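This briefing sets out the computed features of the structure shown here. The points are grouped by topic for reference alongside the model.

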Amino acid sequence: RNAAPIVEAGALPVLFDLVASESASVQLQATWVFANLSVVDELKERIGAHPGFVTTLYRGLDRTAAAQDAHRPLRLQTIRTLANLAVDVSNRPRVAEGLRTAVQTLTASTRDEITQATLRLVVNLSYDARIAGDMLGDGELVAALVQCCASTSEAIQQEAVLCVVNLSLDDQAEKILIAAGALQPLVAILHGGSQVLQEQAAWALSNITTTKEAKMRVIDLGALHTLKALHRSSSGQMRQASTKIMNSLLSMVTPQSRKVFLPSSATIRDSHRGRSPLVDGARASSAVPHTPSRLGAAGGYHAGGDGHEDALDPEEAEA
């Protein structure tokens, strides 16, 4: 509501200068404003296209990497701004130029909120197929995503699994993700994750289990009985995702065993590889201090592609 008056008053040029201030506190306040303004769809491209702005944000992350905790609020707002800008398709190529810094931020993170925000940045970039292909070529990033799929934080798992779903659509994904150990945490999510996580894990597994070896590995991990139970879910997405992976796995067993797990009527008409329930569901994150919800709060997965807003906790903002 207040974004338009701020922009119309000519604040953007001043804010762009302040982000590059020598004062860390001034940088924080200016970046915090951009974390809020970049939630607004009409401003994303304008902010992201400003010459040198994205580069300045990444330089700030590089500069503060050696003292992460001391600069945690600034780093968090910087990452959230980049993640918000990456919601806009036109911004993704320029934001992706700093992907290596984002990966280093992710792997060095010791704070869940930094990890989660960085994962959201990676997720939003991964809706671009070319960028997703580049991500698969970054072994450090793939390993970090697999590790985050096994996180004890459901919010971190949600971001990581969604990114794996996007990466799994690439033709090279199966070999790379399996080699990185993705099957075990994805099957573990089927056994005990939330419904959102289970749906995404099922889609990812269906995309990366086309070989006999991969299918047998998932069967050995005990996925079939869990998938049979998930197939009874009231969620249409869950039934569709679970049925697709079950059809794939049951091609490895006898016809009699197949009948035990899957009724003959439960087939997937649209069974082509690469099916994903989300179409560019990139989400934005707001740093508005008065809103109590956090990044990755329940309901944070939005399939419509028009952004999801989360907020910064007041104590976190003032830290």
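**Briefing on the predicted model**

The cover over the buried residues of H14 includes helix H11 (139–149), helix H12 (154–167), helix H13 (173–179), helix H15 (195–207), helix H16 (212–220) and helix H17 (223–230). Here buried means under 20% relative accessible area, exposed means over 50%, and partly exposed lies in between (1.4 Å probe, protein chains only). The model is predicted, so local features need pLDDT of at least 70 and side-chain atom pairs count only at pLDDT 80 or more, while totals for chains, interfaces and linings use all residues. Residues are numbered from 1 along each chain as its sequence is written, and side-chain values use heavy atoms, with hydrogens and water left out.

**Overall architecture**

- The protein chain has 20 helices and 0 strands; helices (H or I, at least four residues) and strands (E, at least two) are DSSP runs, numbered from the N terminus.
- Of the 319 residues of the protein chain, 54% count as buried.
- Among contacts in the protein chain with a separation of 6 or more, 72% come from residues 24 or more positions apart; a contact means heavy atoms within 4.5 Å.
- About 14000 Å² of the protein chain is exposed, and carbon and sulfur atoms supply 51% of this area. Accessible areas come from the Shrake-Rupley method with a 1.4 Å probe, and for residues only the protein chains shown count as cover.

**Helices H14 and H15**

- Helix H14 spans residues 183–192, and its buried residues include Leu183, Pro185, Leu186, Val187, Ile189 and Leu190.
- Val196 is placed in helix H15, and is partly exposed, with a relative accessible area of 33%.
- Val196 and Leu162 are 34 residues apart in sequence, and their C-alpha atoms are 9.7 Å apart in space.

**Helix H6 and Thr81**

- Helix H6 has 14 residues, which at 1.5 Å a residue should span 20 Å; its end C-alpha atoms are 20 Å apart, in agreement. The expected span is 1.5 Å times one less than the number of residues in the helix.
- All of H6 is buried, 14 of the 14 residues, so this helix is largely enclosed by the rest of the structure.
- Thr81 belongs to helix H6 and is buried, with a relative accessible area of 0%.
- Beyond residues up to four places away in sequence, Thr81 touches Thr31, Phe34, Ala35, Ser38, Phe53 and Leu57.
- Thr81 also lies 8.1 Å from Trp32, C-alpha to C-alpha, although the two are 49 residues apart in sequence.

**The cavity and its lining**

- A search of the whole structure finds 1 cavity of 30 Å³ or more, and the largest cavity has a volume of about 50 Å³.
- On a 1 Å grid over the protein atoms alone, a cavity is a set of points where a 1.4 Å probe fits but cannot get out, and lining residues have an atom within 4 Å of a point. Grid points are joined across faces, edges and corners, and a volume is the space filled by probe spheres set on the points.
- The lining of the largest cavity consists of Gln68, Asp69, Arg72, Arg75, Ser109, Thr110, Arg111 and Ile114.
- These lining residues divide into 1 nonpolar, 3 polar and 4 charged. Ala, Val, Leu, Ile, Met, Phe, Trp, Tyr, Cys and Pro count as nonpolar, Asp, Glu, Lys and Arg as charged, and the others, Gly among them, as polar.
- Gln68 lies in the loop between helix H5 (53–63) and helix H6 (72–85), and is partly exposed, with a relative accessible area of 21%.
- Not counting residues up to four places away in sequence, Gln68 touches Arg75, Ala108, Ser109 and Thr110.
- The C-alpha atoms of Gln68 and Thr105 are separated by 9.3 Å, with the two positions 37 residues apart along the chain counted as their separation.

**Helix H9**

- Ile114 is found in helix H9 and is buried, with a relative accessible area of 6%.
- Leaving aside neighbours within four places in sequence, Ile114 is in contact with Arg72, Arg75, Leu76, Ile79, Thr105 and Ser109.
- Thr118 also lies in helix H9 (residues 112–125), and is buried, with a relative accessible area of 1%.

Key: On a 1 Å grid over the protein atoms alone, a cavity is a set of points where a 1.4 Å probe fits but cannot get out, and a pocket is an open set with protein on both sides within 12 Å along at least five of seven lines; lining residues have an atom within 4 Å of a point.
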